[in-house]
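Q: Hi! Could you walk me through this structure?

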Amino acid sequence: MKKILVTGGAGYIGSHTVVELVEAGYEPIIIDNFSNTEERSLQGIADILGREITCHRVDCTDGAALRSVFEKETGIAGVIHFAAYKAVGESVAEPLKYYHNNVGSLVALLQVMEEFKVNKLVFSSSCTVYGIPDKLPVTEQTPVQKANSPYGNTKKICEEILTDLATSGSDMHTIALRYFNPIGAHPSAKIGELPLGVPNNLVPFITQTAAGIRKELTIFGNDYDTPDGTCIRDYVHVVDLAKAHVVAIDRLLSDKAEHIEFFNVGTGTGNTVLEAVQAFEQATGEKLNYKIGPRRPGDVPKIYADVTKATEELGFKTTSTLEEAMKSAWDWQMHLQKSTVQH
């Protein structure tokens, strides 16, 4: 079984990817510093797989600590790099924290990978690199724009670092996956999105409001140029997104990838925030208490993916509906409530 190092593997997308890697016959090794997730995600992974996954408590900006993991875990075939801070608002308030962690961790990781001759990397990027696009849907050829936030800029800088490395004559092969909006949870309801504190993302805010943890959901702006005035996003089920990483690792390990490749991972369909709320209500039968608030700075009015390249070159397509994703997110919220009551 080929070993795949998964940085940030105890996080939201990381934990789902670890499960899919095992189911595809790989041996994932997790690195996480638990700055933005809880230990319970490891238990959830173990419950789904029926066994524990090796996890090293390491900060990815610490080159020496990373080196010790590579020394212990001989024969790493490839790396999936998730470890990054991702809250747009927080990045505006604390830019240095974001540059140090998101850019610093990639540089440290690449240096250690080169030292240990590990040359296959899947990089967790984001559709934020497209900024406010001139036309929709966005393809991989859509120009990368000036970022709307320090968070978005860290993803753009990381892509530039990887591109520079690819043209330097380095042996590194990288696939950067540009995610749209990951939502939902594993069908077992044993792992899901677990934000510490107040959620920054729509769906955990929806589920926490429906569960009575939050008083109401605020929808930021209903005066955008969209069918119902609310922002449009491409909501992709996290299990579909996790499977895209397995497909990317397969491609790298079969030596089919160029030195650097970029792929959009989304559904190819845009939904408004109000449509997402309605999908949740339909899927769960819960009525949501929400109000319209002012626009939020840094929000892109509308963005969704053209997924032709991923379909044709990776052979990858999403399969889950918005309702299925919403139902799984609610099941996960219910599981959290139950386990909190028991503790």
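A: Happy to; below come the sheet, a helix that packs on it, and one histidine. This is a predicted model, where local features need pLDDT of at least 70, side-chain atom pairs count only at pLDDT 80 or more, and totals for chains, interfaces and linings use all residues. Residues are numbered from 1 along each chain as its sequence is written, and side-chain values use heavy atoms, leaving out hydrogens and water.

Q: Great. What is the strand order in the open sheet?

A: S3-S2-S1-S4-S5-S6-S11, seven strands with parallel pairing. Strands are DSSP E runs of at least two residues, helices H or I runs of at least four, numbered from the N terminus; two strands pair if DSSP finds at least two bridges between them.

Q: Which strands stand at the edges?

A: S3 (55–57) and S11 (260–265); each has a single partner strand, so one side of each is left without a neighbour in the sheet. From one strand to the next, the twist averages 20°.

Q: And how many bridges join S1 to S2?

A: Five, between residues 3–7 and residues 27–32. Among the partners, Ile 4 has Pro 28 in S2.

Q: Which strands does helix H5 touch?

A: H5 (residues 95–115) touches S1, S4 (76–81) and S5 (120–126). Its direction makes about 170° with that of S5, taking axes as lines fitted to C-alpha atoms, for helices over the stretch in contact, with angles from 0 to 180 degrees between N-to-C directions.

Q: Switching topic: is His 16 buried or exposed?

A: His 16, in helix H1 (residues 12–23), is buried, at 1% relative accessible area (buried is under 20%, exposed over 50%, partly exposed in between; 1.4 Å probe, protein chains only).

Q: What is His 16 in contact with?

A: Beyond neighbours within four places in sequence, His 16 contacts (heavy atoms within 4.5 Å) residues including His 186, Ile 191 and Val 238. The C-alpha atoms of His 16 and Ile 191 are separated by 7.4 Å, though they lie 175 residues apart along the chain.
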